[in-house]
Amino acid sequence: METNPSPLSAKHESSFAYGTVKDRMPRILTKVIDVCHKQIQSSKECFGEDGRKDAIDVVGKLSQLRSEIMTDKPLFALDDQLKDKEAWNKRLQQYRDSNDSPASWFTAPWLYVECFMYRRIAGVLNSSTYLKTFDPFAEQKQQSLMQSMTAVENLATFLHSVKQSVKVNDTAMLKQFFVDFLQVSLWGNKCDLSISAGEENSQNVSEPHKNLEALKKFILIDYSNDVWNLILKQKKRKDQVRIDVVLDNAGFELFTDLVLCEFLLFFNLADVIIIHPKCIPWFVSDVNASDLNWMLSYLSSCSFEEVSQLSTKLQERFKDGSMLLMKNDFWTLPDPFCLMNESSSELYKYFSSSDLVLFKGDLNYRKLVGDLDWPHDTSFKMALRHFSPTSLCSLRTLKADVVVGLKPGQAKLLAKECKEWMVNGQYAVIESNIIC
Ligand code: F6P
Ligand code: MG
C-alpha cells in the first residue's frame with residue numbers, strides 16, 4: 001500500500017501555512033470587509049433601506065468569519081445555497097473521520113482551510129439580496145492590469161513582430177519562440193495578489209520577453225523541450241490538436257497566457273484552446289469569466305495599436321470557436337487533482353481527450369501534488385498520485401513550501417543560496433508528465 005506524506009498545515013508554527021493563516025488571510029479579509037463596507041452607501045443609494053441593511057449584514061458575516069479564523073474556531077459544514085456545498089461537506093467529514101481532533105483553521109490541512117475562506121466569502125455574498133454577484137477583488141484585478149500596461153504593450157509588439165517575421169514551417173524558430181512565450185507566461189505568475197495579501201503586485205519589468213535569459217537560472221526544473229516535442233508529435237498525428245489551459249491570475253498573468261495561446265493558434269501548433277477560469281472570486285486575483293471579458297474590452301479600446309489588434313483578434317477567436325472558455329465548479333473545491341476522477345468524472349473524461357493541459361500557478365501546483373509534505377526529490381509523476389487524464393505541464397513560480405522533482409541534495413543547496421527560495425516567487429518550475 002502507498003503511504004503518503006502528511007498534508008501541509010498551519011499547525012506547524014515554522015511553516016509558510018502558519019504565516020498565511022495567521023496573517024495573510026485575516027489581512028485579505030480585512031480588505032474584503034472594507035470593500036463591502038463601501039457598498040453600504042452605494043446599496044442604500046440604489047436599493048434604499050433594504051440595500052443598506054443587506055450590505056451591513058454581509059459586512060457583519062465577513063467580520064465574524066475573520067474572527068473565527070483569528071481565534072482558531074472549529075470548521076463547520078456549509079449550510080448555504082451554493083450547489084457545491086455537499087462536495088465541501090463530504091471532504092470535511094472525511095477529515096473528521098480520519099482524525100481524532102476536530103478540524104480547525106490552524107489544525108486542518110492548509111489546502112482545505114485556505115480554499116474554505118474564499119468559499120465562505122462566496123457563500124456570504126450569495127446569501128445577500130443585492131451583492132450576490134459582487135466581486136470584492138474586481139477593482140484590484142483591474143488595477144493590476146492597468147499598472148502593467150507598459151509590459152502589455154511591449155509584449156503585444158513582440159508577438160506582432162514574431163507573427164510578421166517567422167514562417168509557419170520554420171520549426172527551429174518556432175521552437176525558440178514557443179520556449180520564450182512559455183517562459184513569459186511562467187513568469188507572469190509572479191503577479192498574484194494573494195501572496196502580497198492584496199497589495200499591488202503588477203508587472204514591473206517593462207520588457208518581460210527581454211529578461212528571460214537572466215531569469216533562466218531561476219527555473220529549477222525545465223521540461224519545455226518535452227512539451228514542445230509532444231506538440232510537434234500530436235500535430236503530425238492528428239487533424240485537430242487541442243490544448244487546455246487551467247488559468248490562474250487575472251491582470252498581467254492572464255495577458256501572458258493569452259499571448260501564448262495566440263502564438264500557438266497563429267502558427268497552427270494548436271487548433272483549439274480551451275481555457276478554464278474560476279466561477280467564484282478566488283485567491284484574490286484568480287480569473288473569472290467577467291475578468292476575461294473586462295480585459296478584452298479594455299484592451300480592445302486601447303490606443304496602442306498592437307494591443308487593440310491582438311485583443312480584437314482574441315475576441316474573434318472566442319467567436320469562431322478556436323478558443324473556448326469552460327466553467328466548472330471543481331476548480332473551487334478544496335480537492336487535490338488526484339480526486340478529480342471521483343468528484344468530477346466528466347471533467348476528467350473531458351481532459352482525457354485533450355492533447356495537453358497546462359496548469360498555471362502555485363495553487364494549481366499545490367493541488368497537483370496534493371499539498372503534501374513530499375521529500376523534494378520525489379518524482380512529479382509519483383506526487384500526482386495517478387492523476388493522469390492526459391499529458392500535462394505545470395508552469396509555476398514557487399510561493400508555497402512544497403516542491404517535487406528536484407535532484408537529491410538540490411533543496412539543501414538552494415536553501416543556502418536563499419532562505420526563502422520556496423515561497424518568495426523568485427524561483428520557478430516547468431514540470432510535466434507526458435503520456436506518449
Ligand atoms: O496565500 C498563499 C498562497 O496560497 C500561496 O500558495 C500562493 O502564493 C498564492 O496563495 C496563490 O498563488 P497563485 O496565484 O500562483 O496560485
Ligand atoms: Mg492565483
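Me: Which helices each supply at least two residues of the shell around ligand 1?

Reply: In this predicted model, they are helix H1 (16-70), helix H3 (110-126) and helix H14 (362-368). H14 gives the most, with 3 residues.

Me: What makes a residue part of the surroundings of ligand 1?

Reply: One of its heavy atoms has to lie within 4 Å of the ligand. On that basis 17 residues surround ligand 1, and the closest are Glu-114, Asp-362, Leu-363, Arg-366 and Lys-399. The shell divides into 5 nonpolar, 5 polar and 7 charged residues, and it draws at least three from each of domain 1 (16-126) and domain 2 (138-433).

Me: Why are Asn-189, Asp-362 and Lys-399 said to make polar contacts with ligand 1?

Reply: The cut-off is 3.5 Å between N or O atoms. Polar side-chain atoms lie 3.0 Å from a ligand oxygen for Asn-189, 2.6 Å for Asp-362 and 2.8 Å for Lys-399, so each pair qualifies. Taken alone, ligand 1 exposes 390 Å², and the protein buries 100% of that.

Me: Why are Asp-248, Asn-249 and Asp-286 called donors of the magnesium ion (ligand 2)?

Reply: A donor atom must be N, O or S and within 2.8 Å of this metal. Asp-248 (OD), Asn-249 (OD1) and Asp-286 (OD) lie 2.1 to 2.2 Å from the ion, so they count as donors. Their spacing in sequence is D-N-x36-D.

Me: How do you know whether Asp-248 and Asn-249 are buried or exposed?

Reply: Buried means under 20% relative accessible area. Asp-248 has 7%, so Asp-248 is buried; Asn-249 has 1%, so Asn-249 is buried too.

How values were computed: Residues numbered from 1 in each chain as written. Chains lettered and ligands numbered in written order. Predicted model: local features only at pLDDT ≥ 70, side-chain atom pairs only at ≥ 80, totals over all residues. Heavy atoms only, no water. Donors = N, O, S within 2.8 Å, 3.2 Å for Na, K, Ca; no water. Buried < 20%, exposed > 50% of the residue type's maximum accessible area, 1.4 Å probe, protein only. Polar contact = N/O pair within 3.5 Å; in protein donor to acceptor, adjacent residues only side chain to side chain. Areas by Shrake-Rupley, 256 points an atom, 1.4 Å probe, with all protein chains shown as cover. Helix = DSSP H or I, 4+ residues; strand = E, 2+ residues; numbered from the N terminus. Nonpolar A, V, L, I, M, F, W, Y, C, P; charged D, E, K, R; others polar. Domains from an automatic or database assignment.
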